[in-house]
Amino acid sequence: MERTFLMIKPDGVQRGLTGEAIARFEKKGFKLVGAKLMDVSRELAETHYAEHKERPFFGELVDFITSSPVFAMVWEGNNVIATARQMMGATNPADALPGTLRGDFGVNVSMNIIHGSDSAESATRELALWFDENEIVSYDKTI
Ligand code: CMP
């Protein structure tokens, strides 16, 4: 079963949007199999966003992600990587459609509520970076 890494960013946590985001993914039928509220070290943030290292906004991005807690999650489901990205909307909330998390709640390209892995390769890398295998649970949905 496909898995992805999703993270409610500091703006989403502070604005109380964690539950809203979880509810949308649950109602879509995806399964939450890992979750933790955590402060992010600069080392973790810099590793996570390493592909943006040369971008002018890299420092600002790392400052923001380490500024207050994030809610890191592992979600499981058919095509969850691409579908979660669709449900998040475009990176810049100004371009994100209504009905998406960023379209409905995003403020700007930094405060865009949520991060989600953009490919199977990213999901594999990010899940290994953020979660130990023993932090991910396995269960059947029977109710
Ligand atoms: P995310 O999906 O977490 O992946 C990289 C992040 O970089 C992206 O969301 C944005 O929040 C951020 N980002 C992209 N472009 C800019 C920018 N011009 N200024 C600040 N942050 C940006």
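Helices (H or I, at least four residues) and strands (E, at least two) are taken here as DSSP runs, numbered from the N terminus. The model is a predicted one, so local features need pLDDT of at least 70 and side-chain atom pairs count only at pLDDT 80 or more, while totals for chains, interfaces and linings use all residues. Residues are numbered from 1 along each chain as its sequence is written, and side-chain values use heavy atoms, with hydrogens and water left out.

The ligand makes a handy starting point. Its space is the largest pocket. On a 1 Å grid over the protein atoms alone, a pocket is an open set of points with protein on both sides within 12 Å along at least five of seven lines, where a cavity would be a set in which a 1.4 Å probe fits but cannot get out; lining residues have an atom within 4 Å of a point. A molecule sits in either one if more than half of its atoms lie within 2 Å of the grid points. Around the ligand are Lys9, Tyr49, His52, Phe57, Glu60, Leu61, Thr91, Arg102, Val109, Ser110, Asn112 and His115, each with a heavy atom within 4 Å of it.

Three of the distances to ligand oxygens can be listed, taking a polar contact as a pair of N or O atoms within 3.5 Å (within protein, one must be able to donate a hydrogen and the other to accept it, and residues adjacent in sequence count only if both atoms are side-chain atoms). A polar backbone atom of Val109 sits 2.6 Å from an oxygen atom of the ligand. For His115, a polar side-chain atom is 3.0 Å from a ligand oxygen, and for Asn112 an N or O atom in the side chain is 3.4 Å from one. As for cover, the ligand has 460 Å² of accessible area on its own, and the protein covers 81% of that. These areas come from the Shrake-Rupley method with a 1.4 Å probe; for residues, only the protein chains shown count as cover.

His115 deserves a paragraph to itself. It belongs to strand S4 (residues 114-116) and counts as buried because its relative accessibility is 12%. The cut-offs are under 20% relative accessible area for buried, over 50% for exposed, and partly exposed in between (1.4 Å probe, protein chains only). Besides facing the ligand oxygen, the side chain of His115 makes a 3.1 Å polar contact with that of Glu126. Setting aside neighbours within four places in sequence, His115 is in contact with Phe5, Leu6, Met7, Lys9, His48, Tyr49, Met88, Arg102 and Glu126, contact being heavy atoms within 4.5 Å.

Just before S4, in the loop that runs from H6, comes Ile113. Its phi is near 75°, a positive value in a residue other than glycine, and Ile113 is buried because its relative accessible area is 0%. Asn79 also has a positive phi without being glycine, here near 55°. The loop between strand S3 (70-76) and H5 holds Asn79, and this residue is partly exposed because its relative accessible area is 47%.

Next is H5 itself. Val80, Ile81, Thr83, Ala84, Met87 and Met88 are its buried residues, and among the elements covering them are strand S1 (3-8), H2, S3, H6, S4 and H7. An α-helix has 3.6 residues a turn, so residues three or four places apart point the same way. After H5 comes Gly89, with a positive phi near 90°. Asp95 is in the loop between helix H5 (80-88) and helix H6 (101-105), and counts as exposed because its relative accessible area is 54%. From the C-alpha atom of Asp95 to that of Met1, 94 residues away along the chain, is 31 Å.

Helix H7 carries Thr124, an exposed residue because its relative accessibility is 56%. Thr124 and Thr4 are 120 residues apart in sequence, yet their C-alpha atoms are 7.8 Å apart in space. In the segment after helix H7 (120-130) is Phe131, buried because its relative accessible area is 5%. Leaving out neighbours within four places in sequence, Phe131 is in contact with Phe5, Gly34, Ala35, Lys36, Ala72, Met73, Val74 and Ile136.

Last comes Thr18, in helix H2 (residues 18-28). Thr18 is buried because its relative accessible area is 16%, and its contacts outside four places in sequence are Ile8, Gly12, Val13 and Phe71.
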